[in-house]
Amino acid sequence: LDKVKYVVDFFQREYRWQKKQIEQLIDDLTTKFLTNFKEAHERKDVQNYERYYLGPIVLSLKKDGRSIIDGQQRLTSITLLLIYLNNLQKNREDKISVKDLIFSEKYAEKSFNLQVPDRKECIDALYNGEEYDASDKGESVQNTLERYKDIEEFFPEELRGKALPYFIDWLMDNVIFVEIITYSDEDGYTIFETMNDRGLNLTSTEML
């Protein structure tokens, strides 16, 4: 995510993760971290913690960025988690900068790394800790706002104190996506279908 631009084409599906998917993501990440974390550890010990694999994402390389063929739900959810962590540590002396994973800035204007125009206002409000009314917005915007609230609810209290910078270090360095980059949408969809249509067919739930 560091200083890389991703785009979501208009024909892609909406951001549709629900509360249960966010709860599972937060539980998986924090459980994996806490199996390694010890109060006596120094920050540098985090580099030896176990990694967490978030799966492959399939991208089509275009002039305006990397078009997401597969991985939009996970990339959006991780971006929301990063925004939450940024806000959670705003007043801490041991704050870790995560902004390069969220946006870049030029001429005093933010350009979010996950570029979806109709979600920009909502993401900007979340980043700035402002209230946002999504009642008249589309499905993706409403889900973005609701899933951020879910992250606030599910992020464990035990990680909000001393362990917070350790967790952010771990998230930035030890949580892994594998990028599969193609140079056409057709190749991207072929790879996506091949990944999910070999051996025993996936059920609809497993595909989700």
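# Exercises on a predicted model

Leu61 stands opposite Arg66 in β3. This pair belongs to a predicted model, and the exercises below work outward from the sheet.

**Exercise 1. Find the order of the strands in the open sheet, and state which strands lie at its edges.**

Step 1. The open sheet is made of five strands, and reading across gives β6-β1-β3-β2-β7.

Step 2. The edge strands are β6 (114-115) and β7, since each of them pairs on one side only.

Step 3. The pairing within this sheet is mixed. Strands of a sheet pair through backbone hydrogen bonds, either parallel or antiparallel.

**Exercise 2. For the pairs β1 with β3, β2 with β3, and β2 with β7, give the sense of pairing and the number of bridges.**

Step 1. Take β1 (residues 6-7) and β3 (residues 65-70): they pair in the parallel sense over two bridges. Val7 has Ser67 of β3 as its bridge partner.

Step 2. Turn to β2 and β3, which run antiparallel and are joined by five bridges. These two strands form a hairpin, with two residues between them. Here Leu61 is found opposite Arg66 of β3.

Step 3. Finish with β2 and β7, a parallel pair over seven bridges. The bridge partner of Ile57 in β7 is Glu179.

**Exercise 3. Check whether the end-to-end distance of helix α5 agrees with its number of residues, then describe how the helix is covered.**

Step 1. Helix α5 covers residues 163-174, which is 12 residues.

Step 2. The expected span takes 1.5 Å times one less than the number of residues. For α5 this gives 16 Å.

Step 3. The end C-alpha atoms of α5 are 15 Å apart, which agrees with the expected span.

Step 4. For the covering, buried means under 20% relative accessible area. By this cut-off 10 of the 12 residues of α5 are buried, and the helix is mostly covered. Among them are Ala163, Tyr166, Phe167, Trp170 and Asn174.

Step 5. What do the buried residues of α5 pack against? Their partners are two helices, α1 (19-34) and α2 (72-88), and two strands, β2 (52-62) and β7 (175-182).

**Exercise 4. Describe the second largest pocket by its volume, its lining and the elements that supply the lining.**

Step 1. The second largest pocket holds about 290 Å³ of space.

Step 2. Its lining has 16 residues, and those closest to the centre are Leu1, Leu101, Met172, Val175 and Phe177.

Step 3. Two or more lining residues come from each of α2, α5 and β7. The largest share is that of β7, with four residues.

Step 4. By type, the lining has 13 nonpolar residues, no polar ones and three charged ones.

**Exercise 5. Locate Lys3 and Ala108, give their phi values, and decide whether each is buried or exposed.**

Step 1. Most residues other than glycine have a negative phi, and most peptide bonds are trans.

Step 2. Lys3, in the segment before β1, has a positive phi of about 55° although it is not a glycine.

Step 3. Ala108, in the loop between β4 (103-106) and β5 (109-112), has a positive phi near 65°.

Step 4. Exposed means over 50% relative accessible area. Lys3 has 59% and is therefore exposed. Ala108 has 68% and therefore also counts as exposed.

**Exercise 6. Place Asn128 and Ile191 in the chain, and name the residues that each one touches, leaving out residues up to four places away in sequence.**

Step 1. Asn128 is in the loop between α3 (120-127) and α4 (139-154). Its relative accessibility is 31%, which makes Asn128 partly exposed.

Step 2. Asn128 touches Lys90 and Lys110, sequence neighbours up to four places away not being counted. From Asn128 to Ile83 there are 45 residues in sequence, yet 9.1 Å in space, C-alpha to C-alpha.

Step 3. Ile191 is part of helix α6 (residues 185-195). At 28% relative accessibility, Ile191 is partly exposed.

Step 4. With the same exclusion in sequence, Ile191 touches Val58, Ile180 and Thr182. The C-alpha atoms of Ile191 and Ile181 are 9.9 Å apart, and the two residues are 10 residues apart along the chain.

Note on methods. Residues are numbered from 1 along each chain as its sequence is written. This is a predicted model: local features need pLDDT of at least 70, side-chain atom pairs count only at pLDDT 80 or more; totals for chains, interfaces and linings use all residues. Side-chain values use heavy atoms; hydrogens and water are left out. Buried means under 20% relative accessible area, exposed over 50%, partly exposed in between (1.4 Å probe, protein chains only). Contact means heavy atoms within 4.5 Å. On a 1 Å grid over the protein atoms alone, a cavity is a set of points where a 1.4 Å probe fits but cannot get out, and a pocket is an open set with protein on both sides within 12 Å along at least five of seven lines; lining residues have an atom within 4 Å of a point. Grid points are joined across faces, edges and corners, and a volume is the space filled by probe spheres set on the points. Ala, Val, Leu, Ile, Met, Phe, Trp, Tyr, Cys and Pro count as nonpolar, Asp, Glu, Lys and Arg as charged, and the others, Gly among them, as polar. Two strands pair if DSSP finds at least two bridges between them.
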